[in-house]
Amino acid sequence: MFDSLSDRLQDIFAKLRGHGRLSEAQVDAALREVRLALLEADVNFRVVKDFVGRVRERAVGEEVTRSLTPAQQVIKIVHEELIATLGERNEPLVFAPRPPTVVLLAGLQGSGKTTTAAKLARWLVTKHRRPLLVACDLQRPAAVRQLQVLGEQAKVPVFAPEDGSGRGDPVAVALGARAEAERTGRDVLVVDTAGRLAVDAEMMAQAAAIKDAVQPTEVLLVVDAMTGQDAVQTALAFQEGVDVTGVILSKLDGDARGGAALSIRSVTGRPVKFATTGEKLADFDAFHPDRLAGRILGMGDVLTLIERAEETVDRERAEEMERKLRQASFTLEDFLDQLQQVKKMGPLSQVLGMLPGMSQQLRGAEVDDRDIARVEAIIQSMTPRERANPKILNGSRRARIARGSGTTTQQVNALVRQFDEARKMMKQLAGMNPKKLRRMGLRM
Amino acid sequence: MVVAVLVVAAIALVPLVRGRRGADSRPPAVLDREPGVGDDPGSPPAQARPVTEVALPDELGQPGGARTIEADEAEVEEIAPRRRFRERLGRSRSAFSRGLAGLLARGADDESAWEELEEALLAADVGVATTTELIERLRRRAKAGAADLRELLRAELLDAVGSDDRSLDLDLIPAAERPGVVLVVGVNGTGKTTTCGKLALALSEEGKQTVLAAADTFRAAATEQLVLWGERVGAQVVRHQQGADPAAVAFDALASARAKHADVLLVDTAGRLHTKTNLMEELRKVRRVLEREGGPLREVLLVLDATTGQNGLAQAKQFTETVGVTGLVLTKLDGTAKGGIVVAVQRELGIPVKLVGLGEGAHDLAPFDPEAFVDALLAEDASAR
């Protein structure tokens, strides 16, 4: 598989590590890679073209500041330009000045509208709202039933006067829903509609009729994060048909880069407001567009990782760790401690997936939390002296450790070897100042 | 400071992972595992059944030569008339290959014409790697003075889509091997349940008795959806409660289908992202149980949504690795999406498209027609420009 954009750019610029200004030739070489990265992330090819044009304009002649390599400089510009397009921060859901607020969900078949409706309703409950789910998908067999079951799970009432499965009038249901909300004191209506194709004029007219009936505050287009080039056509058609006000990006928990979000934002100007990231009803949250930039470029979601780390990692311990790192007095004991901290941050595969450049390397490699368990067992089978100074590990000690931890001597050897290598790298890092470290972690 | 911790974590973990990948002589620890990271509410922990041998994909589902060919021609006609595909795609077909027309008019050394051609392929989700290679080959042949570029590109694409056997391996099943089992898999929302329903109808119209297994026990009301399809097409549906072990549903459905001397068992499974290890393990178990009880599967169909972009390749790879996909069903091809990712899937993994979904009607499932597909791929949508 392909490397992350930053790796590829590093390769290109490996020989051009000078200062001065970025030349046209340098920029063009870099932009070829940027273009590939964006296309591989499913950004629409026309959007890519415009985007690359804008970056080129900015990058040629740009001064390469002393602290950055040319590659980092280009990435910085690309990243800034991405954020300028996607938006700086989350755009919140708009509520009607006079309740009820009506949120209409629309989208293609299978984009995840019904599930998303329930997730949104549950999210609204956590924000102290009183939502009502409205079942206007009368097309797909058992869609109404699905919403009822999900409503039950989310503890949100469902307005479903029709059984659906091809019968009933969704516009009438939509009309009834407003009255029902007023009657039962519900302040947000979440309206689920049938999936429809961008080219299906009849169904699009029906969506418009539902919209006219409920007068929504928000019309949210549910888009599958795995969508390819077609995202543009879909978004434009729905914008024309029902005047979309925002987007929900669904199924973002897979390994798709989610370039569709950039395409949609570029051609419609509508922001992504929410993202769904799992099969549980709670896997739904406000979307942070700036964080998608790194993902589109294959650079991991460092901000989320940092946020999670801040929540779980003990501050004092981290400071202690930093000091040890600086003095290169890092022992197996610290390594064990480190592992346990990382474990608290979530499943290993998820945590690693968020690190820049890591998701690609991990493809194919099976990461398992049981690997951590094994490493823990090995270290815990060592004496304090051995943990502090692995050099004293001779053959018989290793054999004892293997027996004690239920592993093999080879596995113990491998761990010690890896630890040695890690320590060597840390020594190099220790030479850097915190600013530089920070940049490595934060720039992308 | 936190960053420093992360950097250390990264450094510490990378070798860990790498070390594992380049694993040594350690005996393969592929024990029958509990599903790993417990992050899914709906999947009951897999019981540690002893691993019987898991057959490799190559060993199964390969249609055994001549015996299927004539019969399948007939089947192809019966699922839905062939013209359906062309009819449905006709709307965009009239504008066939403006890019190519431009190329012919302006000559092969016009760079912007080549660019247009490249964009047409990219716009269809064919993917950068495949597009670049196709264009390179075409350029070489154009330089060599080949005559008709339009025909050449069509030929290249047809070649890329492949000419594998696209028929379902469901005809002339010996009585002892009945029912022929078809496992339907894919990520969430691609149209697995709908495909099962439509396929059941097509098979029953061919006179094959079909049983449906509602092994999607996770999604709310997925079973009801399949039951409604079963009523519509007159096929029996074997179901359990929501949250039940899908492998148990498959097991019961197979026993039931066998008792009824049914010809085909269609197993609908829950949508799952290919990145979720525990859910993929659950699917592996479904397959294992079906094979242990009923011998090799006839078909494992991966349902791909035509709107899917480059992630489709990752999906196909992972599902193939887990359950040995034998064919693709490309759904929602009646929209504006071209489904070009299947070109990449065919090229990289050699998995042919067998069926296409062309609409919401019960009859809107058609055999794949490579020529119509390629023509539509190159046609420019009026809405796109």
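Me: What percentage of the 385 residues in chain B is buried?
Reply: Bear in mind that this is a predicted model. A residue gets called buried here if 20 or more other C-beta atoms lie within 10 Å of its own. Out of the 385 residues in chain B, the share that is buried comes to 54%.

Me: And how many helices and strands does chain B have?
Reply: Chain B has both kinds of element. Its secondary structure adds up to 14 helices and 8 strands.

Me: Among chain B contacts with a separation of 6 or more, what share comes from residues 24 or more positions apart?
Reply: Contact here means C-beta atoms within 7 Å. Take the chain B contacts with a separation of 6 or more, then pick those between residues 24 or more positions apart. That share is 78%.

Me: Let's look at helix H8 of chain B, residues 192-205: why does its length agree with what you'd expect?
Reply: H8(B) has 14 residues, and at 1.5 Å a residue it should span 20 Å. The C-alpha atoms at its ends agree with that, because they are 20 Å apart.

Me: Is H8(B) mostly covered or mostly open, and how many of its residues are buried?
Reply: Among the buried residues are B:Lys192, B:Cys196, B:Gly197 and B:Leu203. H8(B) is mostly covered, and the buried count out of its 14 residues is 12.

Me: Which residue with a positive phi follows H8(B)?
Reply: Look just past the helix for a phi near 90°. The residue that follows H8(B) with that positive phi is B:Gly207.

Me: How do H6(B) and H7(B) lie to each other, and why?
Reply: H6 (residues 128-143) and H7 (residues 149-161) of chain B have axes that come within 10 Å and cross at roughly 140°. The contact involves residues including B:Leu134 and B:Leu138 of H6(B), with B:Leu152 and B:Leu153 among those of H7(B). The crossing is right-handed. Angles over 145 degrees would count as roughly antiparallel, so H6(B) and H7(B) are oblique to each other.

Me: Over in chain A, which strands stand at the edges of the open sheet?
Reply: The sheet has 8 strands with mixed pairing, in the order E3-E2-E4-E1-E5-E6-E7-E8. An edge strand here has a single partner, so one side is left without a neighbour in the sheet. That picks out E3 (158-159) and E8 (284-286) of chain A.

Me: Which residue of E7(A) stands opposite A:Val247?
Reply: Strands E6 (residues 246-250) and E7 (residues 272-276) of chain A run parallel, joined by 3 bridges. Opposite A:Val247 in E7(A) is A:Val272.

How values were computed:
Residues are numbered from 1 along each chain as its sequence is written. Chains are lettered from A and ligands numbered from 1 in the order in which they are written. This is a predicted model: local features need pLDDT of at least 70, side-chain atom pairs count only at pLDDT 80 or more; totals for chains, interfaces and linings use all residues. Helices (H or I, at least four residues) and strands (E, at least two) are DSSP runs, numbered from the N terminus. Two residues are in contact if their C-beta atoms, placed from the backbone, lie within 7 Å. The expected span of a helix is 1.5 Å times one less than its number of residues. Two strands pair if DSSP finds at least two bridges between them. Axes are lines fitted to C-alpha atoms, for helices over the stretch in contact, and angles run from 0 to 180 degrees between N-to-C directions. Angles under 35 degrees count as roughly parallel, over 145 as roughly antiparallel, 65 to 115 as roughly perpendicular and the rest as oblique. A crossing is left-handed if the near helix is turned anticlockwise from the far one by less than a right angle, and right-handed if clockwise.
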